[in-house]
Amino acid sequence: MRTPWSLADILDSEFFFRRDETLVEEGKSHLLEQRDRDIYLSLHSAADAPPATADLVRHWLATRRRAFVQQQQAVLPGQVWRETYTLARWSAFLLSLLCGSLATAVFLRYTGVAAVNVSGYFAFFILLQLLLLLFHLGLLGYRGLRRSDLRASLLLNLLAHLLRKVFLALYRRSARGAGGKQRLDLAAALGSFKISRQLYGSLFLWPVFVLLQLGGVGFNLGVLATTLATVSFSDIAFGWQSTLPLPETLLAELVRWIAMPWSWLVPEQLAYPTLEQISGSKIILKEGIYHLTTPDLTAWWPFLCFGVLTYGLLPRLLLLLYGRTRQATKLRRFSYTTANFRQLRRRMLKPMLETAASHRIPPVSAPP
């Protein structure tokens, strides 16, 4: 079964194309033709029909990789890219998880005098994320109608620039103390990365899109975990207050509409607070919370957790799945139509002709 094409494969193939350009400049094109023809013959018999370009390229790249590692004992840019992206994924997830946990811990800090403001929690951890999600989906829909790709996104380009900086720094570090030949390879690797981004720019932005969603997943997991841990191991009170003349019936109806995505899955007493509980958890500044009852003050936290799960975590998981699917689809549809791939196929399929006499012609004898 054919292994999926990856960004690391693109980087390594462009790297080897750059190295081959030096042989062409030195007038040694025949060496390229002989080498690539031998690679083809090791894959397929010349008498059979030639394989597809994708199979030719994959076999050629695997052979070149093995030869490079054995001869140079150096790191290829594809390996550095894999390590860079793995580091970026873990960093985005763990840092966002930490940020979500710290922000929630600060917000839920309860002294026993004033209750946690439900309005502020909802506005920051749910409503703001929902607005960002709608804005994100609107941009994706707008680009879909305009048939423009992710290269039009300023945020993704900024994050891609940062990821590129990390990649180049790691590759330079891997080639530190290298000799003259390896420094040329370093220049070829840096050039291959720039060329790859120019030729396949949108392919290198989908991983950044995935990183952004992974950060959102980590943040929401941190919010949920910290909220559940806080209400589980401490006695915390939730209440709401507003200087606006907001009718409690209107707030109760709004809460019921917000809870519609999960209210049919869980018991009503967990899905959202009732009108009586909303009335009983209203905080009046000059009166404090001592006149309020515990059931009313604890009725909000399931609603808040379900809100973060529904409007924060689940959309990010869906966007993460969408980004990974789109990237995999684009890589499966990768077109080997650039000049380098066409020339490689020509070199691999071109028969090598040798013009040499099969026997030695005896010298003509002298006339008597």
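Here is a quick tour of one long helix, a few individual residues and some aromatic ring pairs in this structure. Keep in mind that you're looking at a predicted model. Helix α14 covers residues 301-332, and several of the residues below sit in it or pair with it.

**Helix α14**
- Count 1.5 Å for each residue and the 32 residues of α14 should span 46 Å; the C-alpha atoms at its ends are 45 Å apart, so the expectation and the model agree.
- There's still a bend to look for: α14 has a kink of about 30 degrees, centred on Leu309.

**Leu320, a residue in α14**
- Is Leu320 buried or exposed? Its relative accessibility is 14%, and the cut-off for buried is under 20%, so Leu320 counts as buried.
- Once you skip its neighbours within four places in sequence, Leu320 is in contact with Val210, Gln213, Leu214 and Val217.
- Take a look at the numbering of three of those partners, Val210, Gln213 and Leu214. An α-helix has 3.6 residues a turn, so residues three or four places apart point the same way.
- Phe209 is 111 residues away from Leu320 in sequence, yet their C-alpha atoms are 8.0 Å apart in space.

**Lys282, out in a loop**
- You'll find Lys282 in the loop between α12 (275-280) and α13 (294-297).
- Lys282 has a relative accessible area of 29%, which makes it partly exposed.
- Which residue lies 42 places from Lys282 in sequence but 5.2 Å away in space, C-alpha to C-alpha? That's Trp240.

**Aromatic rings**
- The model has 25 aromatic pairs.
- One of them is Trp5 with Tyr336: the ring centres are 5.5 Å apart and the planes sit at 70 degrees, so this pair is edge-to-face.
- Trp5 and Tyr336 come from distant parts of the chain, 331 residues apart: Trp5 is in the segment before α1 (7-25), while Tyr336 is in the loop between α14 and α15 (339-349). Both residues are buried.
- Another edge-to-face pair is Trp206 with Tyr322, with ring centres 5.9 Å apart and planes at 75 degrees.
- This second pair links helix α8 (residues 206-233), where Trp206 sits, to helix α14, home of Tyr322; the two residues are 116 apart in sequence.
- Trp206 is buried, at 4% relative accessible area, whereas Tyr322 is partly exposed, at 36%.
- Ring pairs also build a cluster out of Trp5, Phe15, Phe16, Phe17, Trp60, Phe68, Phe334, Tyr336 and Phe341.

Conventions. Residues are numbered from 1 along each chain as its sequence is written. This is a predicted model: local features need pLDDT of at least 70, side-chain atom pairs count only at pLDDT 80 or more; totals for chains, interfaces and linings use all residues. Side-chain values use heavy atoms; hydrogens and water are left out. Helices (H or I, at least four residues) and strands (E, at least two) are DSSP runs, numbered from the N terminus. The expected span of a helix is 1.5 Å times one less than its number of residues. The bend at a residue is the angle between axes fitted to the seven residues ending there and the seven starting there. Buried means under 20% relative accessible area, exposed over 50%, partly exposed in between (1.4 Å probe, protein chains only). Contact means heavy atoms within 4.5 Å. Rings of Phe, Tyr and Trp (its six-membered ring) pair if their centres lie within 6.5 Å; planes under 30 degrees apart count as stacked, over 60 as edge-to-face and the rest as tilted.
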